[in-house]
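Reader: Hello! Please walk me through one part of this model in close detail, starting from the overall picture and then zooming in on how the pieces pack.

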Amino acid sequence: MTDALPGEPETRGTRTTTGWSRLILRWRRFRGAVNWRPLLLVGMAALVAGALLGRLAGSEPLPEAAQAIDASLMPLALDADSIWTSASVDRESVSEAFVLLRREEDPSLVLEYQEDWKQAYDAMLVQLAGLDMPTAARPVQRQFIAAVALSRDAVEVLGRAAEVDDPALRQDLLTEAGRLRERSEQLGQSARASLLDLDGQRADVSPLGPLTSFLEGRS
């Protein structure tokens, strides 16, 4: 539809066309006058803040994760540790067999119970990995799993030490078994420190302690 000629009355179509033209012109002037960069930055910041708040609102509270660890994870971790430290009705402790082999060169307990120890550790690893823990508790869960796996590795080396006849090689294997157990204990301590962090306390962060050297192991 064309615009009205000069001197002619303005038709309805002409008024509509002219009205749209004026709106477009005003929009172009407004767009040119406004500095859009700060508005875009503010909008992007609002989106990021909203996403972060949504994630925080949907996550489990840390004290609840600590409670879940105390209720479900810690009992299994203690049971796993007792395989090394305490005798049971069915088997001797790993530590007692370890001392007997090192001090008296008697491999009988290790040879008799090494398979039982490994099976007990394997069962504990399955139970620890099978726990359905809150997301915030899973790093602690993984630390305990790694600690138990190191103790099981120590039993493997201890079993090999009981089978060899060379005294020097046996001492080195016993030293390595002890080193693996030391790392297991240190990792368990780190897991407990992580639990304190979840519970609202602040545990220190430090390098893991030194292990027994092979020279010390032969002395």
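Author: Happy to. The accessible surface of the protein chain comes to about 14,300 Å² (Shrake-Rupley method, 1.4 Å probe; for residues, only the protein chains shown count as cover), and carbon and sulfur atoms hold 57% of that surface. Please keep in mind that this is a predicted model, where local features need pLDDT of at least 70, side-chain atom pairs count only at pLDDT 80 or more, and totals for chains, interfaces and linings use all residues. Residues are numbered from 1 along each chain as its sequence is written, and side-chain values use heavy atoms, with hydrogens and water left out.

The protein chain has eight helices and zero strands (DSSP runs numbered from the N terminus: H or I of at least four residues for helices, E of at least two for strands). Of its 219 residues, 31% are buried (under 20% relative accessible area, with over 50% called exposed and the range between partly exposed; 1.4 Å probe, protein chains only). Taking contacts (heavy atoms within 4.5 Å) between residues at least 6 apart in sequence, 68% join residues at least 24 apart.

Now to helix α6, residues 138-163, which holds V155. V155 counts as buried because its relative accessibility is 1%. Leaving aside residues up to four places away in sequence, V155 touches W84, V94, Q114, W117, K118 and Y121. One of these partners, V94, is 61 residues from V155 in sequence, while their C-alpha atoms are 7.6 Å apart.

Q143 lies in α6 too. With a relative accessible area of 19%, Q143 is buried. Beyond residues up to four places away in sequence, Q143 touches L187, S190, A191 and S194.

W84, the V155 partner, also takes part in the contact of α3 with α7. The axes of α3 (residues 62-85) and α7 (residues 167-198) come within 10 Å and cross at roughly 160 degrees (lines fitted to C-alpha atoms, for helices over the stretch in contact, with angles from 0 to 180 degrees between N-to-C directions). The two helices are therefore roughly antiparallel (over 145 degrees; under 35 is roughly parallel, 65 to 115 roughly perpendicular and the rest oblique). On the α3 side, the residues include L62, I69, M74 and L78, and they meet A177, R181, R192, L195 and L198 in α7. The residues of this contact divide into 11 nonpolar, one polar and four charged (Ala, Val, Leu, Ile, Met, Phe, Trp, Tyr, Cys and Pro are nonpolar, Asp, Glu, Lys and Arg charged, and the others, Gly among them, polar).
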